[in-house]
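Visitor: I should like to take a close look at a single part of this model. Please begin from one residue and then follow the connections outward.

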Amino acid sequence: MPEPFIEFRDVNKSFGKLQVLDRANVSFYQGEITAIIGKSGAGKSVLLKHIIGLLKPDSGQILVRGKPLSQFSKAEWTRFKRSLSYMFQNNALFDSLTIFENIALPLVERTRMPASEVRKKVMYRIEQFELEGVEHKYPSQISGGMQKRVALARAVVTEPEMILFDEPTTGLDPLRKNAVLNMVAHYQKEIGFTGVMVSHDIPDVFFISNRVVIIENKRIAFQGSPLELEQCDDDVVWQFIHGHEILQDQLTGLHSWIEVEKVLKSELARVNEAEDPSVVVFFWVDSLEQIKEKVGYIAAQRIFQCMGMSLRESIGRSGYAARYGSEGILVVMPHADSNTASSIVKNLADECSRQDIMDPASYTKVCIEFSIKAGIVELRDSMSFEDVMSQAKKNQKVIAEMKCNQGRG
Amino acid sequence: MPDNTANQGSHGVLAGINWLGRTTLNIIGELGAIGIFFFYGLAMIFSLPFQFRKIVQQIYFIGVKSFLIISLIGLFTGMVLGLQGYYTLVKFGSEGMLGAAVALSLIRELGPVLTALMVIGRAGSSIAAELGIMRISEQIDALDTMDINPMRYLVSPRMAASVIVFPMLTALFDVIGILGGYLTGVVLLGINSGIYFNRIYDSVVMRDISEGFLKSLCFALIVSTICCYQGYFTHMRREGFGARGVSLATTSAVVISCVLVLVIDYILTSFLL
């Protein structure tokens, strides 16, 4: 591993009685983009503000190329600070200066560049960030998305060695969000700056990052490459990577897979000793990939939403249901038998057949035939998880079907 | 129980001493901070390259834009001085002294003080509010991250402009006030205009004018330092944050500046007389 550009060693920081960083050890490497993720208020921005000197650690050290920041001479500190740019979460644009003056400010105040040269550089950035026509307006006269781009333009206009981005995409529409991430990745390759980015855009931010740092509960829960992140089996890390799936599950009214897996394991262990059975139902949507491809993600999500709602109603608190893989839902019902499971399956079939997703009239352009299948397994002695799944697949039957009208599909 | 009462009494005395000590330390700390802020802001005026453009902008904001209000206040102050002065002097049959009375009270006292109070209300409050908003919206932090010294960029031009503008506005106030006195004394109440101006010419000496200017220079430094300080450190206030913090900073800036102007005026007058 090369020497880190910036390294935090056992950094502690508190605001009054509230501790924000607890022995933080993080490294940022030259020429890489590091994404810092964590819940709101977890101390991500605090970490950034330490790098640029807006905050000082209560204890611990911050090293720049191996030398502690606290031992920097005034000249060294000025040189280091001038090689950085900081993009604030709320943009921090100067509201009494025009957009042009905002972007030009670091050049005008820090350099002795002739006015024509400043104008050339600023106009280049204005064009690059699609801000033509607003250069004479004031920040309050332009949209939030534009303000974000002005802040970005101001951050890159000095061509810094390192840029610290504090949530650069918050408040942008999805198209601009991707454009900003794209732009960061593009200029990072072109200019070669080191980027540190606090972001909530999971998983998008992983695509442009070389390293990921997760802050959870005042501590660094993970640091490494996005690949290492994907293979990490820590619970906290898992929740961050699959955050969007958790939201989908919440919308469908399902539990998280972690919860259901725990219940299933304990039930498998329990049925070995107890007499009352437990039952597992595996629902599976046939041709889901085709629906996603030809109709869309929303249609696919609607199918799961309908299944989730029906399951929530019929199993209530007596069972647990979660997405299993991309096409299935696994239901675990402790202390229940096959009859209960059958009635749940019937309910689901009736409920979903009534919904618009099972109505051919809803598909105006292309119609895909698909079916919902269900397999019931009663848990018995010495069954493994794999046994349960293979048994469920063996027992599965079609419970609801979408048939396209003739001449369509 | 006598023992208990004694204990409570000593506890109360200790708490009192504790409070006194804490408050004194806070005041001394605050005074020290203002002192450092003042000297640092002043020193930054002379740091290179000079910030001519920004100083001129502030002269326009603090000075030119106060022109109308200072003229109006000066005019009515002079007029009321003329009116009151006339009715007092006429009792002693010396209404001819009206010009001297109006001019001396304006040049030595009312000119510098009322100008300072007016500028505090118009420009001082807006300096505190502007810097306060810049602080809470992280604009001052943004300057810091760009390695632009916020004291040099924001505070020094305002201090320099105040030092230039206060004496000029005071001079304007004095002249228009004298003309106001002329309006009531000469035009309305019929004093001879030659006598009015001749008395001014006879009684006002250069020392009166320079003392008035010295006062206005001191007020310029006090007002600009206090207003900038209150705005600049809005975020350090314990009583309020955000918009409330800014409103408190603006109020403190105006109140503290006004009180200090009057206190310093008394001290300076007693030394200069």
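In which helix of chain A does A:Ile344 lie?

Guide: The model is a predicted one. Within it, A:Ile344 belongs to helix α14 of chain A, which covers residues 338-354. A:Ile344 has a relative accessible area of 3% and is therefore buried, since the cut-off for that class is under 20%.

Helix α14 of chain A also carries a charged pair: the side chains of A:Glu351 and A:Arg354 form a salt bridge with an N to O distance of 3.1 Å. A:Glu351 and A:Arg354 are three residues apart in this helix, so about one helical turn separates them. In terms of accessibility, A:Glu351 is partly exposed at 22%, whereas A:Arg354 is exposed at 61%.

The domain assignment of chain A places residues 6-242 in domain 1 and residues 246-402 in domain 2. The C-alpha centres of these two domains are separated by 43 Å. A particular pair of residues gives another distance in chain A: A:Ile344 and A:Glu159 stand 185 residues apart in sequence, and their C-alpha atoms are 62 Å apart in space.

A:Glu159 takes part in a salt bridge of its own, with A:Arg125, where the closest N and O atoms are 3.7 Å apart. A:Glu159 sits in the loop between α5 and β7 (162-166) of chain A, and A:Arg125 in helix α4 of that chain, so the bridge ties together parts that are 34 residues apart in sequence. A:Glu159 is partly exposed, with a relative accessible area of 46%; A:Arg125, at 6%, is buried.

Over all chains the structure holds 24 salt bridges. One of them pairs the side chains of A:Glu109 and B:Lys54, at 2.9 Å from N to O. Because A:Glu109 lies in helix α3 of chain A and B:Lys54 in helix α2 of chain B, this pair joins two chains. A:Glu109 has a relative accessible area of 25% and counts as partly exposed, while B:Lys54, at 17%, is buried. In chain B, a network of salt bridges links B:Arg108, B:Arg207, B:Asp208 and B:Glu211.

A:Glu109 and B:Lys54 lead on to the largest pocket, as both are among the residues nearest its centre, together with A:Leu105, B:Gln51 and B:Tyr153. This pocket has a volume of about 1700 Å³ and a lining of 50 residues. Elements that each supply at least two lining residues come from both chains, including α3 (99-110) and α4 (115-128) of chain A and α2 (52-63) and α6 (150-188) of chain B.

Enclosed space is present as well, with four cavities of 30 Å³ or more. The largest cavity holds about 110 Å³, and its lining includes A:Tyr86, A:Phe88, A:Pro106, A:Arg154, B:Thr145 and B:Met146. Two or more lining residues are given by each of β6 (84-87), α3 and α5 (144-156) of chain A and by α5 (139-145) of chain B. The largest share, three residues, is that of β6(A).

On the surface, B:Val255, B:Val259, B:Val263, B:Tyr266, B:Ile267 and B:Phe271 make a nonpolar patch of about 630 Å². One of these, B:Val259, belongs to helix α9 of chain B, which spans residues 242-272. B:Val259 has a relative accessibility of 47% and so counts as partly exposed.

How values were computed:
Residues numbered from 1 in each chain as written. Chains lettered and ligands numbered in written order. Predicted model: local features only at pLDDT ≥ 70, side-chain atom pairs only at ≥ 80, totals over all residues. Heavy atoms only, no water. Patch = residues over 30% accessible without salt bridge, like charges linked within 9 Å, V, L, I, M, F, W, Y side chains within 5 Å. Areas by Shrake-Rupley, 256 points an atom, 1.4 Å probe, with all protein chains shown as cover. Salt bridge = Lys/Arg side-chain N within 4 Å of Asp/Glu carboxyl O. Helix = DSSP H or I, 4+ residues; strand = E, 2+ residues; numbered from the N terminus. Buried < 20%, exposed > 50% of the residue type's maximum accessible area, 1.4 Å probe, protein only. Domains from an automatic or database assignment. 1 Å grid on protein atoms, 1.4 Å probe; cavity = no way out; pocket = protein on both sides within 12 Å on 5 of 7 lines; lining within 4 Å. Points joined across faces, edges and corners; volume = space filled by probe spheres on them.
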